[in-house]
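Here is a short note for someone opening this entry for the first time. Please keep the view open while reading the points below.

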Amino acid sequence: GAARGTLPRRGMASATASYAPKVARSRDADDAGGGGGRGGRPLVSLAGGAASRRDGRHLEAFRAPRMLCGVISQAAGSASLELGDTKVVCGVYGPRAHSRGDAEFSDLGIVQCDFKYAPFACDERREKGQGDDEKQLSLQLQQALQVSVRLETFPKAVLDVHVLVLQAGGAEAAAAITCASLALADARVQLFDLVAASSVVALPEGAGAGGAAAAK
């Protein structure tokens with residue numbers, strides 16, 4: 001096989017299926033109109049006639065990314081990602097045998113995802129156990145990653161992908177998807193391609209880059 005960090009000479013296989021992108025309303029979207037973000041802070045400030053984000057960025061400025069692979073020694077593959085004030089870590093384990101008693105042979109493997117906030121990640125301490133929002137984000141993570149993995153390379157087996165948000169500063173879903181894709185690559189899982197995700201917030205009309213008009 002090809003050495004780590006190099007691409008094979010043969011052609012790349014195409015994806016077997018494609019799905020329309022999922023659109024989910026995030027807490028950032030709920031906070032966008034200046035109606036109070038996490039901790040009572042608005043996502044967008046229009047004070048002084050100049051629009052800016054809660055973290056001081058201009059409306060058109062991206063969060064500064066920082067990515068690192070191989071951060072969990074016990075995992076088959078792992079990665080950490082900092083996206084501005086948001087910090088996430090991901091570990092990939094397996095493939096392992098399917099544990100369901102009634103499992104039948106399948107030509108395709110399964111990617112099983114788990115998304116979790118650390119208790120200290122948000123302004124308000126999170127309760128133990130997985131909340132409804134974390135279950136929904138786990139499903140979104142699975143939908144985003146599964147189409148990028150060559151599932152036929154590990155039939156009747158499961159890949160476990162665990163994402164933990166250490167600090168929630170916005171765009172956690174996008175950071176988790178990007179970080180998990182890096183962790184899959186670090187685990188040498190055969191992929192059609194890496195997955196890069198982003199989050200978008202729609203502002204009220206007139207609250208554009210100029211920021212001259214107040215948000216309604």
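**Notes on the fold**

1. Start with one pair of residues: Val111 has Leu159 in strand 7 as its bridge partner. Gln112 is likewise bridged, to Asp160 in strand 7. Further on, Phe115 stands opposite Val163 in strand 7. These pairs belong to a parallel pairing of strand 6 with strand 7 (residues 157-167), built from eight bridges. Keep in mind that the model is predicted.

2. Now look at the two faces of strand 6. Which residues lie on its covered face? They are Val111, Cys113, Phe115 and Tyr117. The uncovered face carries Ile110, Gln112, Asp114 and Lys116. In a regular strand, side chains alternate between the two faces of the sheet. So Val111 and Phe115, bridged or opposite to residues of strand 7, sit on the covered face, while Gln112 sits on the uncovered one.

3. Strand 7 has another partner. Strand 5 joins it through nine bridges, and the two run antiparallel. Arg96 is placed opposite Val158 in strand 7.

4. Step back to the whole sheet. It is open, has five strands, and follows the order 3-4-5-7-6. The pairing is mixed. Strand 3 (65-69) and strand 6 (110-117) are the edges, each pairing on one side only. From one strand to the next, the twist averages 15°.

5. How does the chain get from strand 6 to strand 7? The path goes through helix 2, and this β-α-β crossover is left-handed. I would look at this spot in the viewer. Helix 2 (residues 132-146) lies across strand 6 and strand 7. Its direction is at about 140° to strand 6.

6. Helix 3 (residues 172-186) also packs on the sheet. The strands touched by helix 3 are strand 3, strand 4 (77-83), strand 5 (86-97), strand 6 and strand 7. Helix 3 makes about 150° with the direction of strand 4.

7. Ser181 is in helix 3. Is Ser181 buried or exposed? Its relative accessible area is 1%, under the 20% cut-off, so Ser181 counts as buried. Leaving aside residues up to four places away in sequence, Ser181 touches Leu145, Leu191, Leu194 and Val195.

8. Ser148 makes a useful companion case. Its place is the loop between helix 2 and strand 7. Why does a residue in this loop count as buried? Because the relative accessible area of Ser148 is 5%, under the 20% limit. A polar atom of the Ser148 side chain lies 2.7 Å from the backbone oxygen of Leu145. Beyond four places in sequence, Ser148 touches Leu191, Phe192, Asp193 and Val195. Leu191 and Val195 are thus among the contacts of Ser148, and they are also among those of Ser181.

9. Turn to the loop between strand 3 and strand 4, where Ile72 is found. Ile72 has 22% relative accessibility, which lies between the 20% and 50% cut-offs, so Ile72 counts as partly exposed. Not counting residues up to four places away in sequence, Ile72 touches Ser78, Val89, Cys90, Gly91 and Tyr93. Val89 is 17 residues from Ile72 along the chain, and their C-alpha atoms are separated by 8.9 Å.

10. Some totals to close. The protein chain has three helices and seven strands. Read from the N terminus, the elements run α-β-β-β-β-β-β-α-β-α. Of the 216 residues, 35% are buried. The protein chain exposes about 12,900 Å², with 52% of that supplied by carbon and sulfur atoms. What share of the contacts between residues at least 6 apart in sequence joins residues at least 24 apart? The share is 66%.

Note on methods: Residues are numbered from 1 along each chain as its sequence is written. This is a predicted model: local features need pLDDT of at least 70, side-chain atom pairs count only at pLDDT 80 or more; totals for chains, interfaces and linings use all residues. Side-chain values use heavy atoms; hydrogens and water are left out. Two strands pair if DSSP finds at least two bridges between them. Helices (H or I, at least four residues) and strands (E, at least two) are DSSP runs, numbered from the N terminus. Axes are lines fitted to C-alpha atoms, for helices over the stretch in contact, and angles run from 0 to 180 degrees between N-to-C directions. Contact means heavy atoms within 4.5 Å. Buried means under 20% relative accessible area, exposed over 50%, partly exposed in between (1.4 Å probe, protein chains only). Accessible areas come from the Shrake-Rupley method with a 1.4 Å probe; for residues, only the protein chains shown count as cover. A crossover is right-handed if, with the strands pointing away from the viewer, the path from the first strand over the helix to the second runs clockwise. A polar contact is a pair of N or O atoms within 3.5 Å; within protein, one must be able to donate a hydrogen and the other to accept it, and residues adjacent in sequence count only if both atoms are side-chain atoms.
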